[in-house]
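Work through these exercises with the sequence and the structure side by side. Each task is followed by a worked solution.

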Amino acid sequence: MRSLRRLATFLRPYRMWVFLAPLFMLVEVAMDLLQPRLVQRVIDVGIAEQDSDVIIQTGLLMVAVALVGVLGGMLCTVFALLAAQHFSADLRSELFRKVQALSFGNLDRLETGSLITRLTTDVTQVQDVVSMLLRIMVRAPLLMVGSLVMAFITSPRLSLLFVVLMPLVLIALTIIFRRIYPLFGRVQRQLDQVNTVMQENLAGVRVVRAFARAEHELARFTGVNTELMDRTITAVRMSSITMPVMIFIVNLGIVGAIWLGGIQVDRGGLEVGQLIAFFNYLLQGMIALGMMSFLLVRMARAEASASRIG
């Protein structure tokens, strides 16, 4: 991720937004982690003891907590998008100035289509990841760690499921990331070729028509366009493995939690509300890992674009 880290300097003028986005995300995560404990209270105290006051009071508190979480999430998104949009605008301006200063030799080597791709698609890829980093990259680790801590507080025995499942997820994500990174680099390079052929054809359209070379140019464009399609399909096919792997591991955790938790409830070592709260924390932790897997796929493509920008 060296190339992405180098481009992080463009975020310095917007340090305030970069600080506020994770801060409000912390508020949203805290509210999400509080909800299962409130559900546990409703079940183990309100329903078990048939105390309607506890049910009503806790229900109203859950609504208030949810509203605070929504507000935190909205403000995080606003500040993350502000930082990302200004980041990309500054980066495009700097790139354009750099292109204006390139020697004729470098302009011939890089080609117009390749430079257009860097100023448009490559910058957009990096911009999207910056926005996601300020939201998902903050939310996912906080939610994962918070879920692990709260699950341990709820049921120390069942929390051992996290110890088993998380290494499986991390190993799978590492293998997938190493495979897809070079694939998206090839996609961006092939996009250069498509833009180059299209730019040359449009710039010389009168010459093409004058010499009746339309069919030749069409065949040329079809060739590079088909190659782009094939490379994109290969890259997406590899990245699409991520979600099924995550769902499989999550389902393993759900089965384990129901089985082991059910045994403890039957023996009186665990309340039903505790089991449901733990179940929710397990889902939140696994969802956080799913977020990180999705982000890693996007970062692989953005890193390829960032290296080209560099």
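**Exercise 1.** Place Leu23 in its helix, then decide whether Leu23 is buried, partly exposed or exposed.

*Solution.*
- Leu23 sits in helix H2 of this predicted model.
- Its relative accessibility is 38%.
- Buried means under 20%, and exposed means over 50%.
- Leu23 therefore counts as partly exposed.
- Now look at the surface around it. Leu23 joins Met16, Phe19, Leu26 and Leu142 in a nonpolar patch of about 470 Å².
- Helix H2 (residues 15-47) gives the largest share of that patch, four residues.

**Exercise 2.** Check the confidence: where in the chain is it lowest, and where highest?

*Solution.*
- Start with the whole chain. The mean pLDDT is 81, and 97% of the residues reach at least 70.
- The lowest confidence falls in helix H8 (residues 205-210), with a mean of 71.
- The highest is in helix H3 (residues 52-101), at 89.

**Exercise 3.** Describe the largest nonpolar core: which residues touch the most other members, and which helix gives the most?

*Solution.*
- The core holds 58 residues; Val126, Phe278 and Met286 touch the most other members.
- Several helices each supply at least two residues, including H1 (2-7), H5 (112-133), H7 (160-203) and H10 (242-267).
- Helix H11 gives the most, with 15 residues.
- Zoom in on Met286. Beyond its neighbours within four places in sequence, Met286 contacts Phe162, Leu165, Met166, Met246 and Val250.
- Another core of 13 residues lies apart from this one; Leu183, Leu191, Ala235 and Val297 are among its members.

**Exercise 4.** Compare the salt bridges: which pair links distant parts of the chain, and which pairs lie about one turn of a helix apart?

*Solution.*
- The whole structure has four salt bridges.
- Arg139 and Glu28 pair at 3.6 Å, N to O.
- Arg139 is in helix H6 and Glu28 in helix H2, 111 residues apart, so this pair links distant parts of the chain.
- Both ends fall under the 20% cut-off. Arg139, at 15%, counts as buried, and so does Glu28, at 17%.
- Asp32 joins Glu28 and Arg139 in a network of salt bridges.
- Glu94 and Arg97 pair at 2.9 Å. Both lie in helix H3, three residues apart, about one turn.
- Glu94 is partly exposed at 38%, whereas Arg97 is exposed at 52%.
- Arg231 and Glu227 pair at 3.0 Å. Both lie in helix H9 (residues 214-239), four residues apart, again about one turn.
- Arg231, at 29%, is partly exposed; Glu227, at 32%, is partly exposed too.

Definitions and conventions
Residues numbered from 1 in each chain as written. Predicted model: local features only at pLDDT ≥ 70, side-chain atom pairs only at ≥ 80, totals over all residues. Heavy atoms only, no water. pLDDT = per-residue confidence, 0-100. Patch = residues over 30% accessible without salt bridge, like charges linked within 9 Å, V, L, I, M, F, W, Y side chains within 5 Å. Areas by Shrake-Rupley, 256 points an atom, 1.4 Å probe, with all protein chains shown as cover. Salt bridge = Lys/Arg side-chain N within 4 Å of Asp/Glu carboxyl O. Buried < 20%, exposed > 50% of the residue type's maximum accessible area, 1.4 Å probe, protein only. Core = buried A, V, L, I, M, F, W, Y, C linked by side-chain atoms within 4.5 Å. Contact = heavy atoms within 4.5 Å.
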